[in-house]
Amino acid sequence: MTTLTTSLAARTVFRIGYGALQLERLHDRRDEAVALLRRAVELGVDHVDTAEFYGFGFANDVIREALRPEDDVLVVTKVGADPDPGGRLPLRLAQRPEQLRAGVEDNLRSLGVDRLAVVNLRRLDTGPGLRPEGDQVVDLDDQLAVMTALRDEGKIGAIGLSSVTLDGLRRALPAGIACVQNAYSLVSRDDEDMLRLCAAEGIAWVPFFPLGGSFPGLPKATGEPVVHAVAESLGVTPSQVGLAWLLHHAPNVLLIPGTADAAHLEANMAVGEIAFDAATLATLDGIESRSNEVTIG
């Protein structure tokens, strides 16, 4: 069995958290959204990932209502994009230093707190998604300067990075980095060197798209015959195999799968109980890794 806790921002947390993006699917059923988050806490979740642009503030509102101080849940948010309800995509880039500061203030207000435990700076240097243009092309050092200033002011506790390159992470290390969120899965392992650097530096590795891409053309772990065969042999689902592989692959991996369904939530939480023997792990490790570089925009 794998160890089911790891370090995040000087806290020991359960390695299976909850990503709040999918809460927006319950926008018209707010009570269900609150109940789902309460259920996550009951199942052991002590780390929730969110952003002001998830559901145009809905996710943060639900978190504010559902979580209690005695739950002692570490809430991690992010800046670098803003909600854009009328846009072709539901968000727009907000990379400039003054926009990062405004994003922190927005999250403080919507979460109803005086301090954000961890804030991820969402870069757009790698992985699937948007790429910055024009005045949204901002040097990492300028962004880190405002993030460290916000930390010094006590508005944020720790700094994370998202969609960052290996060189970018190396440049950022002196600022003190608590976690890295990049697109990474069994079928897209481009960032293996960065994962190893994070492990060596005590930085949590928090993959988004942990089962492969949500965009057309990206590989999916659940599309692999080997994953299906392993799932059938263990009596679990292919999605559970893909998530469990991440936990087995490196001790600093922290999962944040999202769902709007209570049964799916329970299935996600159960992946910590899945054990692979050496032969099964080797078979999964042998699956070809493909690029997840797809630009949206």
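This passage walks through the nonpolar cores, two helix pairings, the salt bridges and two single residues of a predicted model.

To start with the interior, the largest nonpolar core takes in 82 residues. Within this core, the residues with the most contacts are Y18, L161, L169, V180 and L284. Take L169 as a way in: leaving out residues up to four places away in sequence, L169 touches L161, V164, I177, V180, M194, L197, C198 and I203. Two of those partners, L161 and V180, turn up again in the list of residues with the most contacts inside the core. Apart from this core lies another one, made of twelve residues, including V13, C179, A204 and V206.

Next come the helix pairings. Helix α8 spans residues 238–249 and helix α10 spans residues 278–285, and the two pack with their axes 11 Å apart. The angle between them is about 105°, which makes α8 roughly perpendicular to α10. On the α8 side, V241, W245, H248 and H249 make the contact, and on the α10 side L281, L284 and D285 do. Sorted by class, the residues in this contact come out as four nonpolar, two polar and one charged. L284 ties this pairing back to the interior, being part of the α10 side of the contact and also one of the residues with the most contacts inside the largest nonpolar core.

The pairing of α2 with α3 has another make-up. Helix α3 covers residues 97–111, and its axis comes within 8 Å of that of α2. The two axes cross at roughly 40°, so α2 and α3 count as oblique to each other. Here N60, D61, I63 and R64 of α2 meet N107, R109, S110 and L111 of α3. By class, this contact holds two nonpolar, three polar and three charged residues.

What about charge pairs? The count of salt bridges comes to 16. One of them joins R30 to E65, with the closest N and O atoms 2.8 Å apart. This pair links distant parts of the chain, since R30 sits in helix α1 (residues 30–42) and E65 in helix α2 (residues 58–66), 35 residues apart. R30 is partly exposed, at a relative accessible area of 30%, and E65 is partly exposed too, at 44%.

Helix α1 also holds a salt bridge of its own. The side chains of R39 and E42 meet at 3.1 Å, N to O. Both residues lie in α1, three residues apart, or about one turn of the helix. R39 counts as partly exposed at 28% relative accessibility, whereas E42 is exposed, with a relative accessible area of 59%. The pair does not stand alone: R39, E42 and E266 are linked in a network of salt bridges.

A further salt bridge brings together the side chains of R290 and E224, 2.9 Å apart from N to O. This is again a link between distant parts of the chain, with the two residues 66 positions apart. R290 is in the segment after α10, and E224 is in the loop between β11 (204–205) and α7 (225–234). In terms of accessibility, R290 is partly exposed at 26%, while E224 is buried at 15%. E224 falls in the buried class because the cut-off is under 20% relative accessible area.

Two single residues round things off. T148 has its place in helix α4, residues 140–152. With a relative accessibility of 19%, T148 counts as buried, the cut-off again being under 20%. Beyond residues up to four places away in sequence, T148 touches I159 and A175.

R171 belongs to helix α5, residues 166–172. At 36% relative accessibility, R171 is partly exposed. Setting aside neighbours within four places in sequence, R171 is in contact with D139, L140 and D141. The C-alpha atom of R171 is separated by 37 Å from that of R25, a residue 146 places away along the chain.

Note on methods:
Residues numbered from 1 in each chain as written. Predicted model: local features only at pLDDT ≥ 70, side-chain atom pairs only at ≥ 80, totals over all residues. Heavy atoms only, no water. Core = buried A, V, L, I, M, F, W, Y, C linked by side-chain atoms within 4.5 Å. Buried < 20%, exposed > 50% of the residue type's maximum accessible area, 1.4 Å probe, protein only. Contact = heavy atoms within 4.5 Å. Axes fitted to C-alpha atoms, helices over the stretch in contact; angles between N-to-C directions. Helix = DSSP H or I, 4+ residues; strand = E, 2+ residues; numbered from the N terminus. Parallel < 35°, antiparallel > 145°, perpendicular 65-115°, else oblique. Nonpolar A, V, L, I, M, F, W, Y, C, P; charged D, E, K, R; others polar. Salt bridge = Lys/Arg side-chain N within 4 Å of Asp/Glu carboxyl O.
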